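Me: Please take a close look at one part of this model and explain how it is set within its surroundings.

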Amino acid sequence: MEIALKQLSDRPEHLETVALWMYNEWWNKRCESPEIVLSQLRTHKKLDAVPYNIVALGEPVGSCCVIENDCIHRPEYAPWVAAVYVRPEFRRRGIASMILQEAASIAARAGVKCLFIDCLALTAPVYEKNGWAIHEREVGDKESVVMLREIHSA
């Protein structure tokens, strides 16, 4: 299957799918309904401007968000990549790497100088192979790290 990367604001027919992924993976313990996630995604309207979402398509197979803040312990850092997700049956095919590279390309067009992500130390190698470096260890959850990706203008 050929994968195309699009900003979700350009492909709103996939809003509900992405919202359900995010709700099921991260938000179901924080809120009662996926509608809260869906309402937040609906605010990501402008192309090439934070906040934005990327969706990997043929059929929808993965996504990520770029938002102002995703780490209550480090409000001084911005913006953040969040909710990197690839459907289990499509993992280990380089799709997450494609999504991360697209997030960086859009950030460059948006004039962003760097991106941050709060991830489990266990997943740090996935980000490192995509140009990220560990910025801080043991922030918040002792098993997490804050990673940084410098963005170079196109």
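Reply: At 1% relative accessibility, Cys 64 counts as buried (under 20% relative accessible area, with over 50% exposed and values in between partly exposed; 1.4 Å probe, protein chains only). The model is predicted, so local features need pLDDT of at least 70 and side-chain atom pairs pLDDT 80 or more, whereas totals for chains, interfaces and linings use all residues. Residues are numbered from 1 along each chain as its sequence is written, and side-chain values use heavy atoms, without hydrogens or water.

The cysteine sulfur closest to that of Cys 64 belongs to Cys 65, but at 6.7 Å it is too far for a bond. The number of disulfides in the model is zero, a disulfide being a pair of cysteine sulfur atoms within 2.5 Å. Cys 119 is also buried, its relative accessible area being 7%.

Cys 65 has Ala 82 of strand 4 as its bridge partner. Strand 3 (residues 62-67) and strand 4 run antiparallel and are joined by five bridges; pairing requires at least two DSSP bridges. Strands are DSSP E runs of at least two residues and helices H or I runs of at least four, numbered from the N terminus.

Strand 4 itself spans residues 80-86, and seven of its seven residues are buried, so the rest of the structure largely encloses this strand. Strand 4 also gives the most to the lining of the largest pocket, with six residues. Of the 42 residues lining this pocket, Trp 26, Ala 83, Val 84, Thr 123 and Tyr 127 lie nearest its centre. On a 1 Å grid over the protein atoms alone, a pocket is an open set of points where a 1.4 Å probe fits, with protein on both sides within 12 Å along at least five of seven lines; lining residues have an atom within 4 Å of a point. Among the other elements that supply at least two lining residues are helix 1 (15-27), helix 2 (35-41), strand 3 and strand 5 (114-120).

The largest nonpolar core holds 29 residues, of which Val 81, Ile 95, Leu 115, Tyr 127, Trp 132 and Met 147 touch the most other members. Strand 3 and strand 4 each give two or more residues to this core, as do strand 2 (52-57) and strand 7 (144-150), among others. Helix 3 makes the largest contribution to the core, eight residues. Such a core is a set of buried Ala, Val, Leu, Ile, Met, Phe, Trp, Tyr and Cys residues joined through side-chain atoms within 4.5 Å.
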